[in-house]
Amino acid sequence: MLTRPAFDRWLASRADPGVELITGLRSGRVLHGALTDADVKPGDPIRAGGYGEDRSTYTQTLFAPEGEEPRTVHLGLDIFAPAGAEVLAPLSGRVHSSHINDNPGDYGPTIILEHDIPGGKFHTLYGHLSRDSLKGLKPGSAFMAGEPIAQLGTR
């Protein structure tokens, strides 16, 4: 099992953190973003952010399972870019799984990549993709860093 210290050592050893996740992310036209910035049009600057953001809009049962305290804090990094923008593998990996999560407030079409590093494995999740992005994907399909894995969807 990959431990946090092993992951931190691996990350610190990398001269280059990887490639951009969305074409244009390294263009210098990236602003801090929040959920309210989700409607990005072609030509608009890409927005990135959202980690740790309190989202009182999380009212669906997905975020408040019966008998548990509701979760309102966003636990991932959002990149707000136009629908159709290419999503690139930031690191080499293979498809762990793909699924269309259609619950209200959920990820929609989703791909999870598995990455092997010294000391173990970790996973990255890509949601809000186009439905076509999942066509033909099979667990174990390999992607090299920088290779397109999907396109952003409309929600």
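**Exercise 1. Surface**

Task: State the accessible surface of the chain and the share that belongs to carbon and sulfur atoms.

Solution. The model is predicted. Its chain has an accessible surface of about 9,400 Å². Carbon and sulfur atoms hold 56% of that. Now turn to the inside: of the 155 residues, 35% are buried.

**Exercise 2. Elements and sheet**

Task: List the elements from the N terminus on, then find which strands stand at the edges of the open four-stranded sheet.

Solution. Step one: count one helix and nine strands. They run α-β-β-β-β-β-β-β-β-β.

Step two: write the sheet order, E7-E6-E5-E8, with antiparallel pairing. Strands E7 (120-126) and E8 (142-143) each have a single partner strand, so one side of each lacks a neighbour in the sheet. These are the edges.

Step three: inspect the pairing of E6 with E7. E6 covers residues 108-117 and is joined to E7 by seven bridges, running antiparallel. Across from His-123 in E7 stands Glu-114.

**Exercise 3. Cores**

Task: Identify the residues with the most contacts inside the largest nonpolar core, and trace what Ile-149 touches.

Solution. Step one: the core has 17 residues. Val-87, Ile-111, Leu-113, Leu-129, Phe-143 and Ile-149 have the most contacts inside it. Two or more core residues come from each of E6 and E9 (148-151).

Step two: leave out residues up to four places away in sequence. Ile-149 then touches Val-87, Leu-88, Ala-89, Ile-111, Leu-113, Tyr-126, Ser-133 and Phe-143.

Step three: look for another core. One of six residues lies apart, including Leu-2, Trp-10, Ile-117 and Phe-122.

Definitions and conventions: Residues numbered from 1 in each chain as written. Predicted model: local features only at pLDDT ≥ 70, side-chain atom pairs only at ≥ 80, totals over all residues. Heavy atoms only, no water. Buried < 20%, exposed > 50% of the residue type's maximum accessible area, 1.4 Å probe, protein only. Areas by Shrake-Rupley, 256 points an atom, 1.4 Å probe, with all protein chains shown as cover. Pairing = 2+ DSSP bridges. Core = buried A, V, L, I, M, F, W, Y, C linked by side-chain atoms within 4.5 Å. Contact = heavy atoms within 4.5 Å.
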